[in-house]
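Subject: Structure for you to look at

Hi,

Here is the structure I promised to pass on. Please open it alongside this note, and then read on for what turned up.

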Amino acid sequence: MTLLQVLPATGEAKPLLTTRDPDRIAAQLGAHGARFERWTLKDLTAGFGDDDVLGLYRTEADRFSAETGLGHVEVVRMAPDDSDPRWAAKARTTRDRYFNEHTHRSDEVWFFAQGRCGFYLRLANDDTVHVLIAEPGDLVCTPAGVRHWFDMGETPDFAALHIYAAETDWDEAFTGDAIASRFPPMEELLATAR
């Protein structure tokens with residue numbers, strides 16, 4: 001189930017807020033310019049491909065793009081691949097890359113059709129970090145310029161729509177701030193929030 005925790009930017013473990021209520025999550029993030037909503041989940045068949053994900057959620061993605069002006073929609077998928085002996089190392093490298101604070105030039109939107117990922121957002125100021133563990137059916141929009149980092153887990157396994165303004169606007173600008181190193185990864189947050 002979706003989880004939002006608001007933590008001190010110092011990385012202290014005691015959350016200022018913990019909630020799994022989608023309405024409260026939307027209100028909390030919305031108060032700081034971010035967006036959270038739930039879309040109705042649709043069944044992905046075994047062996048699905050990117051076109052299947054796009055096809056199932058085309059109506060929602062088109063509505064969202066028309067509403068926000070974010071016209072580039074792509075499918076991002078990661079799943080364990082036993083046929084690739086280097087998969088685990090590649091997954092670890094990708095996880096490590098995005099578990100560093102960065103920004104984007106345009107709003108960045110993720111909708112999860114399958115799997116989960118963690119978003120660490122520095123929304124209002126430098127005093128708190130909003131950590132959203134997004135689950136299937138969740139859409140999260142990080143506003144342009146907001147400092148954030150992303151955790152896809154120890155064994156990434158997800159399928160998501162990634163929506164943004166244009167291909168070049170997804171280029172991340174890393175801040176060089178080591179703040180992410182003070183925060184627990186997604187698995188730890190989930191284990192302590194039970």
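Below I go from the overall fold to the salt bridges and then to two single residues.

**Overall picture**

Please keep in mind throughout that this is a predicted model. The protein chain contains five helices and twelve strands. Its C-alpha trace extends over about 45 × 40 × 35 Å along the principal axes. How does the radius of gyration sit with what a compact globule would have? For 194 residues a compact globule would come out near 16 Å, and the protein chain has 16 Å, so the two agree.

Burial and surface come next. Of the 194 residues, 49% count as buried. The protein chain exposes about 9400 Å², with carbon and sulfur atoms supplying 48% of that area. As for contacts, if you take those between residues at least 6 apart in sequence, 76% of them join residues at least 24 apart.

**Charges and salt bridges**

The protein chain carries 20 positive and 33 negative charges, and the mean positions of the two sets are 3 Å apart. Side chains of opposite charge can pair when their charged atoms come close. How many salt bridges does the structure hold? The count is 17, and a few of them deserve a look on your screen.

One is within a helix: the side chains of R58 and D62 meet in a salt bridge, at 3.2 Å from N to O. Both residues belong to helix α3, which covers residues 58-68, and they are four residues apart, about one turn of the helix. R58 has a relative accessible area of 34%, so it counts as partly exposed. D62 is partly exposed too, because its relative accessibility is 39%.

Another salt bridge pairs K90 with D84, at 2.6 Å from N to O. K90 has a relative accessibility of 38% and therefore counts as partly exposed.

A third joins the side chains of E135 and R116, with 2.8 Å from N to O. This pair links distant parts of the chain, 19 residues apart: E135 is in the loop between β8 (128-134) and β9 (138-142), while R116 is in the loop between β6 (108-114) and β7 (117-122). Is each partner buried or partly exposed? E135 is at 10% relative accessibility and so counts as buried, whereas R116, with a relative accessible area of 35%, is partly exposed. There is also a network, in which salt bridges that share partners join R35, E37, R63 and E67.

**Two residues in strands**

T128 lies in strand β8. At 15% relative accessibility, T128 counts as buried, because the cut-off for buried is under 20%. Which residues does T128 touch, leaving aside its neighbours within four places in sequence? They are V6, L7, P8, A9 and L16, together with L121 and R122.

W149 has its place in strand β10, residues 147-151. Its relative accessibility is 0%, so W149 counts as buried. W149 and D96 are 53 residues apart in sequence, and their C-alpha atoms are 10 Å apart in space.

If you want a place to begin, try the pair E135 and R116, which links distant parts of the chain, and then go to W149 in strand β10.

Happy viewing, and best wishes

Key: Residues numbered from 1 in each chain as written. Predicted model: local features only at pLDDT ≥ 70, side-chain atom pairs only at ≥ 80, totals over all residues. Heavy atoms only, no water. Helix = DSSP H or I, 4+ residues; strand = E, 2+ residues; numbered from the N terminus. Rg over C-alpha atoms; globule rule 2.2 N^0.38 Å. Buried < 20%, exposed > 50% of the residue type's maximum accessible area, 1.4 Å probe, protein only. Contact = heavy atoms within 4.5 Å. Areas by Shrake-Rupley, 256 points an atom, 1.4 Å probe, with all protein chains shown as cover. Lys, Arg positive; Asp, Glu negative; His and termini not counted. Charge placed at Lys NZ, Arg CZ, Asp CG, Glu CD. Salt bridge = Lys/Arg side-chain N within 4 Å of Asp/Glu carboxyl O.
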